[in-house]
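Dear colleague,

I am handing over a structure for you to look at, and below it I have written down what was found in it. Please keep the picture open while you read, and turn it as you go.

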Amino acid sequence: MRTLCASTLIGEFFVIGFAGLVAMKDPDLTQATVWTVCGVTMLLSVLLCGMLSRPGAVPLGWALQIGLIVSGFVVPTMFFLGAVFAGLWWCSVHYGRKIDTIKARWAAAQEAPGAPAAPDAA
């Protein structure tokens with residue numbers, strides 16, 4: 001799960017950064033507003049990426065996704081990006097857990113007595 005969630009968070013970092021560059025062209029928004037919203041989001045994405053192995057990381061990820069959607073009240077583009085990334089976060093958590101379960105079963109089967117030896121990677 002950590003790999004999928006980390007990939008989503010790093011993707012958020014880059015997409016939000018580029019979205020900030022685009023949002024700065026909006027005459028109704030100041031650079032300070034755009035970079036406050038985008039900069040905080042980018043920073044939190046990277047920090048959360050480093051915390052994924054800790055308990056409570058998934059709920060913090062959900063809080064970040066909700067924060068992205070709510071930040072759409074300041075920078076309207078964030079409504080769309082927040083919804084997209086919330087969907088990606090759900091997929092990362094859901095399918096990441098399934099992958100972890102399959103990997104754990106595979107590892108247990110390989111460690112079981114009488115299991116065939118793993119082929120050499122050489």
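**What was found**

Ala-19 is found in helix 1, and it is a convenient place to begin, since several of the residues described below can be found from there. Please bear in mind throughout that this is a predicted model. Ala-19 counts as buried because its relative accessible area is 14%, and the cut-off for buried is under 20%. Although Ala-19 and Met-78 are 59 residues apart in sequence, their C-alpha atoms are 8.5 Å apart in space.

Taking the chain as a whole, you will find 4 helices and 0 strands, so that, by the DSSP runs used here to assign helices and strands, the pattern read along the sequence is α-α-α-α. The C-alpha trace spans about 70 × 30 × 20 Å along its principal axes. The radius of gyration of the chain is 19 Å, whereas a compact globule of 122 residues would have one near 14 Å. Of the 122 residues, 31% count as buried, and the chain exposes about 7800 Å², of which carbon and sulfur atoms supply 71%. If you consider the contacts between residues at least 6 apart in sequence, 65% of them join residues at least 24 apart. As for charge, the chain has 7 positive and 6 negative charges, and the mean positions of these two groups are 7 Å apart.

Which residues does Thr-8 touch, if those up to four places away in sequence are not counted? Thr-8 sits in helix 1, which covers residues 2-23, and Thr-8 touches Phe-85, Leu-88, Trp-89 and Ser-92. Thr-8 counts as buried because its relative accessibility is 9%.

The loop between helix 3 (57-70) and helix 4 (77-111) deserves a careful look, and Ser-71 lies in it. With residues up to four places away in sequence left out, Ser-71 touches Val-37 and Met-78. Ser-71 has a relative accessibility of 12% and therefore counts as buried.

Val-75 is also found in the loop between helix 3 and helix 4. Is Val-75 buried or exposed? Its relative accessibility is 1%, so Val-75 counts as buried. Leaving out residues up to four places away in sequence, Val-75 touches Ala-23, Leu-29, Val-34 and Val-37, and you may notice that Val-37 is also among the residues that Ser-71 touches. Val-75 and Met-1, by comparison, are 74 residues apart in sequence and 30 Å apart in space, taken from C-alpha to C-alpha.

Finally, there is an annotation from a record to set beside the model. In an unreviewed UniProt entry, the annotation "transmembrane region" covers residues 34-52 and 64-90. In the model, residues 34-52 are 89% helix and 0% strand, and the end C-alpha atoms of this span lie 27 Å apart. Residues 64-90 are 78% helix and 0% strand, and here the end C-alpha atoms are 12 Å apart. When you trace the second of these spans, you will pass through the loop between helix 3 (57-70) and helix 4 (77-111) in which Ser-71 lies.

With best wishes

How values were computed. Residues are numbered from 1 along each chain as its sequence is written. This is a predicted model: local features need pLDDT of at least 70, side-chain atom pairs count only at pLDDT 80 or more; totals for chains, interfaces and linings use all residues. Side-chain values use heavy atoms; hydrogens and water are left out. Helices (H or I, at least four residues) and strands (E, at least two) are DSSP runs, numbered from the N terminus. The radius of gyration is taken over C-alpha atoms; the globule rule is 2.2 Å times the number of residues to the power 0.38. Buried means under 20% relative accessible area, exposed over 50%, partly exposed in between (1.4 Å probe, protein chains only). Contact means heavy atoms within 4.5 Å. Accessible areas come from the Shrake-Rupley method with a 1.4 Å probe; for residues, only the protein chains shown count as cover. Lys and Arg count as positive and Asp and Glu as negative; His and the chain ends are not counted. The place of a charge is taken as NZ of Lys, CZ of Arg, CG of Asp or CD of Glu. UniProt positions are given in the numbering used here, feature names are shortened, and annotations may be inferred rather than shown by experiment.
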